[in-house]
Amino acid sequence: MPLWLHVIQHAGFFFAQITNGILVYLIATKAQKLFGTYRHLMCAFAVFSLIYAWVEVFTQPVMHIKGPVFIVFMDSPLKYQAGIGNFVTCLYCGSFALVISLLASQFSYRFIAVCRPELLPKLDGLKLVIIFIPCVFFFILWFELVYWGMENTKEKQEYMREELETFYQEDSRKVCFIAPMYWSIGKNGEKIWNFFEIGLAFGCVMIIVVCFTTILFCSINIYYFMTSIQCHMSKRTLELNHQLFVTLSFQTLLPFVMMYSPVGLLFCLPLFEVYGGDIANYVGATLALYPALEPLIAIFTINEFRRTFMNFHRKKVQTTVTVPTLTPTMGVVD
């Protein structure tokens, strides 16, 4: 098994607990007056990033591309437990959908708050749950698409048997995995297209497209709206909106590079018979690092968070030094 990948996975897990824990603390102590209801979305994303890191380390996914197949197989101690192993692998895949949709929900709320503030009362209090409904829907949908459409079959086991033995010394007939197979080869050498699995893989790609399109739409509209009314904003409001926009901009770029693009390529390359081999593990590496890096954006781009974090380890206790007053004693010399 690739040692470098497991080092990255465990390092990503460890630092994700630290960075997301710090962000949750900052949100709980500093964000109420700054962001109001929006802080609940920030906190939900940070908390689930913690959970996602646990799911990822329980899975320890290894990825490989050969011909019309990409495979995601488990390399944790659960890898030979067929029932729980397949469930956890599918849960890992579904959790990816929940991460990207929760990020899209943050952008959606910010778009409403900045560009459509008259709609904010509809998201007050418990009504904020409405914005999480698409996230839960995408999570369940992705899980079902993977569970039913990319299941472990004997045909896939045989097709990937030599590849997994050569690269990973792993038995495809024993290890838990999910894999779409876009076509198979018939007795006469002809391609037999598997439109069912292609359709389900297309469904996963469309979830990525919908989430990223939402983020892009909201980002562009927030930028132009803020540019058009900045002369009417107070200095404090303008500064706060600018900080949030910078945060959201980085939150657009980072997942595009580390999540949307790699996973999108993982789905698309087998369709064009691009042999990726074990290079596909770079997808697993970026997915493992993302939960650890994403909180740093908010921590360092929001002024109040940054100041609190930078002072976190500094001593704030004043030490009062008392200097004794010396009174000279006059001696009498006989």
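Q: In which helix is the place of Q106?
A: In this predicted model, local features need pLDDT of at least 70 and side-chain atom pairs count only at pLDDT 80 or more, while totals for chains, interfaces and linings use all residues. Residues are numbered from 1 along each chain as its sequence is written, and side-chain values use heavy atoms, with hydrogens and water left out. Helices (H or I, at least four residues) and strands (E, at least two) are DSSP runs, numbered from the N terminus. On that numbering, the place of Q106 is in helix α4.

Q: Is Q106 buried or exposed?
A: Buried means under 20% relative accessible area, exposed over 50%, and partly exposed in between (1.4 Å probe, protein chains only). Q106 has a relative accessible area of 2%. Q106 is therefore buried.

Q: Which residues is Q106 in contact with, leaving aside its neighbours within four places in sequence?
A: Contact means heavy atoms within 4.5 Å. I140 is not a close partner to look for here: its C-alpha is 19 Å from that of Q106, at 34 residues apart in sequence. With neighbours within four places left aside, Q106 is in contact with Y38, L41, M42, F45 and Q251.

Q: How many of the 34 residues of α4 are buried?
A: Helix α4 covers residues 82–115. The helix is largely enclosed by the rest of the structure. That follows because the number of its 34 residues that are buried is 26.

Q: How far apart are the end C-alpha atoms of helix α4?
A: The expected span of a helix is 1.5 Å times one less than its number of residues. For the 34 residues of α4, that span should be 50 Å. The model agrees, as the end C-alpha atoms are apart by 49 Å.

Q: At roughly what angle do the axes of α4 and α9 cross?
A: Axes are lines fitted to C-alpha atoms, for helices over the stretch in contact, and angles run from 0 to 180 degrees between N-to-C directions. Helix α9 covers residues 281–301, and its axis comes within 12 Å of that of α4. The two axes cross at roughly 35 degrees.

Q: Is the crossing of α4 and α9 left-handed or right-handed?
A: A crossing is left-handed if the near helix is turned anticlockwise from the far one by less than a right angle, and right-handed if clockwise. The crossing in which α4 passes α9 is left-handed.

Q: How many residues of the contact of α4 with α9 are nonpolar?
A: Y92, F96, V99 and L103 in α4 meet L287, Y290 and E294 in α9. Ala, Val, Leu, Ile, Met, Phe, Trp, Tyr, Cys and Pro count as nonpolar, Asp, Glu, Lys and Arg as charged, and the others, Gly among them, as polar. None of the contact residues is polar and one is charged, while the nonpolar ones number six.

Q: Which two residues meet R161 in salt bridges?
A: A salt bridge is a side-chain nitrogen of Lys or Arg within 4 Å of a carboxyl oxygen of Asp or Glu. One partner lies three residues from R161 in helix α6 (residues 154–168), about one turn, and bridges at 3.4 Å, N to O. The other lies four residues from R161 in α6, also about one turn, and bridges at 4.0 Å. The partners are E158 and E165.

Q: What is the relative accessibility of R161?
A: Its partner E158 is partly exposed at 47%, and E165 is partly exposed at 36%. R161 also counts as partly exposed, at 29%.

Q: Which residue meets R307 in a salt bridge?
A: The bridge is 3.1 Å, N to O. Its two ends are three residues apart in helix α10 (residues 303–310), which means about one helical turn. R307 is partly exposed at 47%, and the partner, partly exposed at 26%, is E304.

Q: How many salt bridges does the structure hold?
A: Among them are the bridge of R161 with E158 and that of R307 with E304. The count for the structure is eight.

Q: Where does Q60, with its positive phi, lie?
A: Phi of Q60 is near 50 degrees, a positive value in a residue other than glycine. Q60 is buried at 11% relative accessible area. Q60 lies in the loop between α3 (38–59) and β1 (61–66).

Q: What is the phi of E273, about?
A: E273 lies in the loop between α8 (235–268) and α9. E273 is partly exposed, at 46%. Although E273 is not a glycine, its phi is positive, at about 55 degrees.
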